[in-house]
Amino acid sequence: MYRFKLAEGIFPQALRKSRQSREPTLILTRRAFTAALSLTGLGLLAGFSPLRLIADVAKPVSLPDMALGPADAAVTITEFASMTCPHCAAFTEKVFPKIKSEYIDTNKIRFVFREFPLDIKAAAGSMLARCIAKDDAGKYFAVIDLLFRQQEGWVMKNTTEALVRIGKQAGLSQQQVEACLQDQALLNKLEADRKYANDVLKVNSTPTFFINGEMVKGEQSFEEFDKRIKSLLKS
């Protein structure tokens with residue numbers, strides 16, 4: 001489970017490539033850094049009823065939800081994940097396919113993926129996925145699956161070059177990928193959604209799941225999800 005980190009600048013004002021490394025970097029203001037330091041404690045001050053929490057989880061903030069499964073499903077799982085989180089990658093590779101086959105493809109549950117970038121590289125990966133998929137949820141899930149499976153390659157090496165290559169494989173030009181990674185408006189929306197999750201929902205690590213509003217932190221086995229889902233479907 002990856003914890004919320006401040007060191008790499010979670011409150012960005014600008015996304016651009018470094019002249020030395022050609023990696024996306026962030027400019028962090030003192031005011032933003034002070035806000036970041038106080039952010040985790042803000043959510044702890046608010047007390048919510050279970051019904052209120054379910055409503056808060058269900059509410060998209062800045063970006064439209066990327067979801068699979070019927071909107072009126074009896075069970076909704078919402079995942080908050082960072083594209084650089086290895087535990088999120090392991091869940092996507094080992095557990096999610098079973099959930100999809102057993103419950104999503106059979107229209108029994110709805111699964112929502114929410115970005116919770118813990119660092120600038122995670123934000124860049126999320127931005128690329130949004131740019132490639134646009135409003136196509138199925139395509140979005142395919143892109144994040146690819147990014148998680150190739151996580152070590154684009155996170156540990158030259159991130160910009162690796163993301164350009166992945167973007168080209170998905171049909172974008174180099175110019176389109178670079179424009180995507182410098183899209184300040186998109187970055188601001190990602191940050192607004194991450195801040196809401198941290199402030200209101202008290203998400204501070206990845207992966208974090210909400211199953212019909214109940215928080216489940218950390219990577220879980222399919223058996224654990226299966227038990228919870230079956231219990232909710234019976235109720």
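1. A quick word on terms before we start: helices here are DSSP runs of H or I with at least four residues, numbered from the N terminus. With that in hand, Ala55 sits in helix 2, which covers residues 50–58. Keep in mind as you read that this is a predicted model.

2. Let's stay with Ala55 for a moment. Its relative accessibility is 43%, so Ala55 counts as partly exposed, between the 20% and 50% cut-offs. It has a partner from far along the chain: Ala55 and Asn212 are 157 residues apart in sequence, yet their C-alpha atoms are 9.6 Å apart in space.

3. Asn212 deserves a look of its own. You'll find Asn212 in the loop between strand 8 and strand 9 (214–217). Its phi is positive, about 50°, although Asn212 is not a glycine. As background, most residues other than glycine have a negative phi. Strands 8 and 9 form a hairpin with two residues between them, and this is where Asn212 takes that positive phi. Asn212 is partly exposed, with a relative accessible area of 26%.

4. Now the strands on either side of that turn. Strand 8 and strand 9 pair in the antiparallel sense over four bridges; one of the pairings puts Met215 of strand 9 opposite Phe210. In a regular strand, side chains alternate between the two faces of the sheet. Strand 8 shows this nicely: Thr208 and Phe210 point one way, Phe209 and Ile211 the other, and all are buried.

5. Just before strand 8 there is a cis peptide bond. It runs from Thr206 to Pro207, with omega near -5°. Most peptide bonds are trans, so do have a look at this spot. Pro207 itself lies in the loop between strand 7 (205–206) and strand 8.

6. Which strands pair with strand 5? On one hand, strand 5 pairs with strand 8 (residues 208–211) in the antiparallel sense, over four bridges. Among the partners here are Glu79 with Phe209 and Thr78 with Phe210. On the other hand, seven bridges join strand 5 to strand 6 (residues 109–115), and these two run parallel; Val75, for instance, has Ile109 of strand 6 as its bridge partner.

7. Strand 5 (residues 75–81) is mostly covered, with six of its seven residues buried. Strand 5, helix 3 (residues 86–104) and strand 6 together make a right-handed β-α-β unit. Two cysteines are worth picking out as well: Cys85 is buried, at a relative accessible area of 0%, and Cys88 also counts as buried at 0%.

8. Neither of those belongs to the disulfide, though: the structure holds one, and it joins Cys131 to Cys180, with the sulfurs 2.1 Å apart. The link is right-handed, with 95° about the S-S bond. It ties together distant parts of the chain, as Cys131 is in helix 4 (residues 120–133) and Cys180 in helix 8 (residues 174–181), 49 residues apart. Both Cys131 and Cys180 are buried.

9. Between helix 4 and helix 5 there is a loop that holds Lys134. Like Asn212, Lys134 has a positive phi without being a glycine; the value is about 55°. Is Lys134 buried or exposed? Its relative accessible area is 59%, so Lys134 is exposed, given a cut-off of over 50%.

10. Helix 5 (residues 137–149) is a good one for a sanity check. At 1.5 Å a residue, its 13 residues should span 18 Å, and the end C-alpha atoms are indeed 18 Å apart. Its buried residues are Ala137, Tyr140, Phe141, Val143, Ile144, Leu147 and Phe148. Seen down the axis of helix 5, they fall within an arc of 160°, so they line one face. The general reason for such spacing is that an α-helix has 3.6 residues a turn, so residues three or four places apart point the same way. At the start of helix 5, a side-chain oxygen of Asp136 comes to within 3.1 Å of the backbone nitrogen of Gly138.

11. Helix 7 (residues 159–169) begins with a contact of this sort too: a side-chain oxygen of Asn158 reaches to within 3.2 Å of the backbone nitrogen of Thr160. The buried residues of helix 7 are Thr159, Thr160, Ala162, Leu163, Val164, Ile166 and Gly167. After the helix comes Gly171, whose phi is positive, near 105°.

Methods: Residues are numbered from 1 along each chain as its sequence is written. This is a predicted model: local features need pLDDT of at least 70, side-chain atom pairs count only at pLDDT 80 or more; totals for chains, interfaces and linings use all residues. Side-chain values use heavy atoms; hydrogens and water are left out. The expected span of a helix is 1.5 Å times one less than its number of residues. Buried means under 20% relative accessible area, exposed over 50%, partly exposed in between (1.4 Å probe, protein chains only). The arc is that of the directions from the helix axis to the C-beta atoms. A polar contact is a pair of N or O atoms within 3.5 Å; within protein, one must be able to donate a hydrogen and the other to accept it, and residues adjacent in sequence count only if both atoms are side-chain atoms. Two strands pair if DSSP finds at least two bridges between them. A crossover is right-handed if, with the strands pointing away from the viewer, the path from the first strand over the helix to the second runs clockwise. A disulfide is a pair of cysteine sulfur atoms within 2.5 Å.
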